[in-house]
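Here is a short briefing on how the helices and strands of one protein chain fit together. Keep the structure open while reading.

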Amino acid sequence: MNEHEISRLSDVLQLQAIKAAYCETVDACVKDGAAATARFGELFTEDARADYGMGALNGRNAVVRFLVDAIVANNDALWHSIQTPRIDVTGDTAVGRWTLIVRMKRKGAATSEELIGRYLDEFRRTPQGWRISSVRFLQEG
């Protein structure tokens, strides 16, 4: 393996770790919204964009506020499971695609429900490392 291939594999593993941290942070919102807010601030670029199927969000603060407020207001529990990562790195940018299953227990619900979909993410390398610059969720089924 040459140096370029090793560097690319390192980038892919770092990007997978960032997406895993994102999912863990989303799930942790229901227990500690303040800690999740701080952690999200470390995962997104300042100019991050997101679309979770309810309209575009622009800027890290808007994305984080939406995530924490919506999750805390509507859920007692969340559990994200992402699979089949397809990550394409081009220099200091990358695109990641993932399949997703979420188990959620809505506030006041007696049982959990399941949500399936796909994430389409963009990442940018910053002086602090890779960060999420765009998240798009596409619900399936």
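The axes of helix α2 (residues 33-43) and helix α3 (residues 60-74) come within 10 Å and cross at roughly 150°. That makes α2 roughly antiparallel to α3. The model is predicted. Its strands build an open sheet of six, with mixed pairing.

**Helix on helix: α2 with α3**

- α2 passes α3 in a right-handed crossing.
- From α2, the contact uses Gly33, Ala36, Thr37, Phe40 and Gly41. From α3, Arg60, Val64, Leu67, Val68 and Val72 take part.
- By class, the residues of this contact of α2 with α3 are six nonpolar, three polar and one charged.

**Helix on helix: α1 with α2**

- Helix α1 spans residues 3-28. α1 packs on α2 at an angle of about 160°, and their axes are 10 Å apart.
- At that angle α1 counts as roughly antiparallel to α2, because the cut-off is over 145 degrees.
- The crossing of α1 past α2 is left-handed.
- α1 brings Ile18, Ala21, Tyr22, Thr25 and Val26 to the contact. α2 answers with Ala36, Arg39, Phe40 and Leu43.
- Seven nonpolar residues, one polar and one charged make up the contact of α1 with α2.
- Ala36 and Phe40 of α2 are listed in the contact with α3 and also in the contact with α1.

**The sheet**

- The strand order is β2-β1-β6-β5-β4-β3.
- β2 (56-58) and β3 (75-90) are the edge strands, and each pairs on one side only.
- From one strand to the next, the twist averages 20°.

**Strand pairs and hairpins**

- β3 and β4 (93-106) pair in the antiparallel sense over 13 bridges. Ser81 has Ile101 in β4 as its bridge partner.
- Two residues lie between the strands in the hairpin of β3 and β4. There Gly91 takes a positive phi near 65°.
- β4 and β5 are antiparallel too, pairing over twelve bridges. The bridge partner of Leu100 is Gly117 in β5.
- The hairpin of β4 and β5 has six residues between the strands. Gly108, in the turn, has a positive phi of about 80°.
- β5 (residues 113-126) pairs with β6 (residues 129-140) over eleven bridges, in the antiparallel sense. Arg118 stands opposite Leu138 in β6.

**Helices on the sheet**

- α1 lies across β1 (44-51), β3, β4, β5 and β6. Its direction is about 165° to β3.
- α3 lies across β1, β2, β3 and β4. α3 runs at about 55° to β1.
- Both helices therefore touch strands β1, β3 and β4, where contact means heavy atoms within 4.5 Å.

**Aromatic pairs**

- The count comes to six aromatic pairs.
- One of them joins Tyr22 and Phe44, edge-to-face. The ring centres are 6.1 Å apart, with 85° between the planes.
- Tyr22 lies in helix α1 and Phe44 in strand β1, so the pair ties together parts that are 22 residues apart in sequence.
- Tyr22 also belongs to the contact of α1 with α2.

Definitions and conventions. Residues numbered from 1 in each chain as written. Predicted model: local features only at pLDDT ≥ 70, side-chain atom pairs only at ≥ 80, totals over all residues. Heavy atoms only, no water. Axes fitted to C-alpha atoms, helices over the stretch in contact; angles between N-to-C directions. Helix = DSSP H or I, 4+ residues; strand = E, 2+ residues; numbered from the N terminus. Parallel < 35°, antiparallel > 145°, perpendicular 65-115°, else oblique. Left-handed = near helix turned anticlockwise from the far one by under 90°. Nonpolar A, V, L, I, M, F, W, Y, C, P; charged D, E, K, R; others polar. Pairing = 2+ DSSP bridges. Phe/Tyr/Trp six-rings, centres within 6.5 Å; stacked < 30°, edge-to-face > 60°.
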